[in-house]
Amino acid sequence: MKKRGVLSLIVGLTMALTACTGGQSSKVKEEGQEGQDGKKMVVLSVFQKDPVYSQAEKRYEEKHPDVDIQIKEYSQGEGSNQEGDLEKYVNTTNTELLSGKGADLIALDVSGLPVWKYVDKEALVNLSELMKQDPAFDSTLYEMNILDGAKMRGGLYSLPLWFSLDSLMGDAKAIEQSGVKFDDSTWTWGEFTSVGTRLAASGGHTYSMGNTPPEQMLNNLFVDNYTRIVHEEKRPVSFDASVFVGLMEQVKMMYANKVVTDAEVNAGDYFFAPSLILSPEDYFVGPAMFYEQGKIYHKPLAAGQQVGGTFVMHKNLGMNRNSNVQAEAWEFMKFLLSEEGQMMPGLQGFSVNKKVNEKTFQDLEDKGAIESPMGSTISVQKADISIIKQMLAQAITPQQNNSKIQTIIEEEAKAYFSGQKSAQEVADLVANRVTIYLNE
């Protein structure tokens, strides 16, 4: 976000906001008020209309006629000032949560929301505690490696409903012909650079990755090394400039050794490409679209990172600690985690509900083949399903995305890669801007 100033709360609380489903009242009541006909009202704040939440609202209210789920959206839809609407959502959410007000549930997967600040200020409920205290919550039904990985400060404050797996897809045929050997289950970005240098010398492809500016590659490594560089455990937040210098120098070496290039390279004319696996089908379809014989590889680990996969969280929800309907809000969250809630049309990614994933895997195995967008038929083997299941089970590290910090890095790092400033000068500038942002 360009600004982080506080907008007037009065406007946000008095505007008539359109609800996400046509069957409910055209206005959303203020938080804390009693719902229609004496019902308990749970307000869910979202940036823009989401069919998933609309469906969940309708289905949940059918099962719980004593509860009124109200969806409060900020975006005015197509044709509106989206940037302005987004800024309003972020600033209003900040103001409300940090002053003890606001919706009962908040969609937290909006770029610019400082979730760490809400946790520090104890504005969000520790959902881990609710899970422990609820005898009806059976943790064995869920992908707890994902929920544990999503924890902050030892507790779960932002609940991901779905997630995707971060990986690489590669030209398996060219890699095999190169004779270069590596173990992608444990390799680091440093080893990736070494492997890429040898691959470039093999003649199969000129580069391991293409179409990637160095500042973008730096950000790719930064999000994986976030906890090594940004220390949020204590206030004020600190930034390890020396580790960041090492990342910049590592990225520069990647380009010098023809591992990565910012030049335009045709699809399939490089050894690897980033791949976000949103579903089991993506494991097969992505590589088939780029390569004659493609394959999914594990994403390289950051230095010191525990062996296991990286995942990206989707549909993150937090609960307002000052909500006076926490019990009802928690029951709605559990519905969203249930098989019925997780199988609603429109959800993309892997489910946090194990049974939903098991059904998806079994359906794919029974089907035995997938038709790619290119028209070819891709065989699905049981061994392939086992690999995807293993990747899912081993995913333990959430990708730390923060658009504001990544913008700062992109702006400042260009001076280093163009030779205008030293790595230390850029690292000091980035450290100063990032710590000011995180500590404000």
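Which residues of strand 2 lie on one side and which on the other, and are they buried or exposed? In this predicted model, Val67, Ile69, Ile71 and Glu73 occupy one side of the strand, while Asp68, Gln70 and Lys72 occupy the other, and all of them are buried. Both faces of strand 2 are thus covered. In a regular strand, side chains alternate between the two faces of the sheet. Because 7 of the 7 residues of strand 2 (residues 67-73) are buried, the strand is largely enclosed by the rest of the structure. Strand 2 runs parallel to strand 1 (residues 40-46), to which it is joined by 7 bridges. In this pairing, Lys40 stands opposite Val67 of strand 2.

The largest nonpolar core comprises 128 residues, of which Phe222, Phe244 and Phe272 touch the most other members. Helix 11 (residues 241-256) contributes the largest share of this core, with 9 residues. When residues up to four places away in sequence are not counted, Phe222 touches Ile229, Val230, Phe239, Phe244, Leu247, Ile405 and Ile409.

The second largest pocket holds about 340 Å³ of space. Its lining consists of 23 residues, and those closest to the pocket centre are Trp162, Leu347, Gly349, Val356 and Thr360. At least two lining residues are supplied by each of helix 12 (280-290), strand 10 (350-351) and helix 15 (354-367). Helix 15 provides the largest share of the lining, 8 residues. Classified by residue type, the lining of this pocket contains 11 nonpolar, 8 polar and 4 charged residues.

Terms used
Residues numbered from 1 in each chain as written. Predicted model: local features only at pLDDT ≥ 70, side-chain atom pairs only at ≥ 80, totals over all residues. Heavy atoms only, no water. 1 Å grid on protein atoms, 1.4 Å probe; cavity = no way out; pocket = protein on both sides within 12 Å on 5 of 7 lines; lining within 4 Å. Points joined across faces, edges and corners; volume = space filled by probe spheres on them. Helix = DSSP H or I, 4+ residues; strand = E, 2+ residues; numbered from the N terminus. Nonpolar A, V, L, I, M, F, W, Y, C, P; charged D, E, K, R; others polar. Core = buried A, V, L, I, M, F, W, Y, C linked by side-chain atoms within 4.5 Å. Buried < 20%, exposed > 50% of the residue type's maximum accessible area, 1.4 Å probe, protein only. Contact = heavy atoms within 4.5 Å. Pairing = 2+ DSSP bridges.
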